Amino acid sequence: MVTAVRHLGPNWYAAVMGTAVVATAGAALPVPLPGLRTVCTAVWALSLLMLVALLAARALHWRHHRDQARAHLLDPAVAPFYGCLAMALLAVGGGTLTVGRDWIGARAAVAVDAVLFGAGTVTALTAAVAVPYLMAVHHPARHRLDAAQASPVWLLPLVAPMVAAAVGPSLVPHLPAGQPRETLLLACVALFGLSLLAVLLMLPLVFARLVTGGPLPLALTPTLFLVLGPLGQSTTAVGRFADTAPGVVPGATADGFSALAVLYGVPVMGFALLWLCLATAHVLRARRDGMRFAMTWWAFTFPVGTCVTGAEALSRHTGLAVFDGLAVVLYGVLVAAWVAAAAGTVRGLLSGALLAAPRPAPVALRSVTARTTSGAAR
């Protein structure tokens, strides 16, 4: 077991995120389906088990393979995946309060969510500062970066606080009335702002790399879907601010949150759909060129799930049936993506391929793909 986890990187937390979002997004669908909530609760339970198992495996990794763990931190292709640890904690915590309470009770669900939200938020803020810092000053010469190497993966630590912003409002009603509730709500707004501005700084680099540097390497092509994460999650966040604000902040402020949910959410969702089409076109091209399964396929899950929850929020705040339909269609895409990613992961685990040491990249491609340790982009 100790040897098996040597190449287990932080990118594996993406599987936990992708599983948890299937549960939370499905529970809020505007079209009720018989038995769906029970299925979503079971999926949440699976995500919780995955999180516990992965935390244990990663603890073994850090204890027995510190050289490899340090190499991950100094690798700009792997270090950003530490944002996935924060998002996994937050996603499972949010799912606990959304559907997990059906099985463990409301009090236990609030306690679990509070613990995971606190741990996830601290981890998210740490990753949002530490990972860009390490990328800037502490990578060895062989890993020095330039704009031509920009990757959607760089967004991961910056999106993590946005997930905290979207999950946090669910805990507001469980705090004492008055300043505790308002403080948590506005803290979530602050998390929303810092994540959004950081993403807006990074996203132009990613887009410029795409249009000037040509298509990404085949195994990295699914990471284009990561751009949907901040778009869908920020739309979800402003919708939840509007849901929570009445009675927590003054009436005029609550009305402002309701307006923001629509005035921000609708155009951002429009851009998300544009990017979804662009990313899908790139993936279809890569598939024709021979793209095979890699752990990057989990990028098809959580980001799409945030667009589902964003569409659900817009449905609540506009009352438009078109957003109901959009949420249902995107949820179908999410489930199909989860099945594909989960099946590939199970096959890779059974064969041992996903836990094996990464194969050396061809010399001609080393500047782009040599940093694919831990299976992050093999």
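This report covers a pocket, the cavities and one buried glutamine, Gln68, in a predicted model.

## Second largest pocket

The second largest pocket encloses about 590 Å³ of space. Its lining is made up of 30 residues, and those nearest the centre are Thr24, Gly94, Thr98, Ser170 and Arg240. Two or more lining residues come from each of helix 1 (13-27), helix 4 (82-104), helix 5 (106-137), helix 6 (156-167), helix 8 (228-244) and helix 10 (302-318).

Helix 10 contributes the most to this lining, with seven residues. By residue class, the lining of the second largest pocket has 12 nonpolar, 12 polar and six charged residues.

## Cavities

Four cavities of 30 Å³ or more are present in the structure. The second largest cavity holds about 140 Å³ of space. It is lined by 15 residues, of which Ala14, Phe81, Leu226, Trp298 and Ala299 are closest to its centre.

Helix 1 and helix 10 each give at least two residues to the lining of the second largest cavity; both helices also give two or more residues to the lining of the second largest pocket. The cavity lining comprises 12 nonpolar and three polar residues, with no charged residue.

## Gln68

Gln68 is part of helix 3, which spans residues 66-73. Its relative accessible area is 10%, so Gln68 counts as buried, the cut-off being under 20%. Beyond its neighbours within four places in sequence, Gln68 is in contact with Arg6, His7 and His61.

Conventions
Residues are numbered from 1 along each chain as its sequence is written. This is a predicted model: local features need pLDDT of at least 70, side-chain atom pairs count only at pLDDT 80 or more; totals for chains, interfaces and linings use all residues. Side-chain values use heavy atoms; hydrogens and water are left out. Helices (H or I, at least four residues) and strands (E, at least two) are DSSP runs, numbered from the N terminus. Buried means under 20% relative accessible area, exposed over 50%, partly exposed in between (1.4 Å probe, protein chains only). Contact means heavy atoms within 4.5 Å. On a 1 Å grid over the protein atoms alone, a cavity is a set of points where a 1.4 Å probe fits but cannot get out, and a pocket is an open set with protein on both sides within 12 Å along at least five of seven lines; lining residues have an atom within 4 Å of a point. Grid points are joined across faces, edges and corners, and a volume is the space filled by probe spheres set on the points. Ala, Val, Leu, Ile, Met, Phe, Trp, Tyr, Cys and Pro count as nonpolar, Asp, Glu, Lys and Arg as charged, and the others, Gly among them, as polar.
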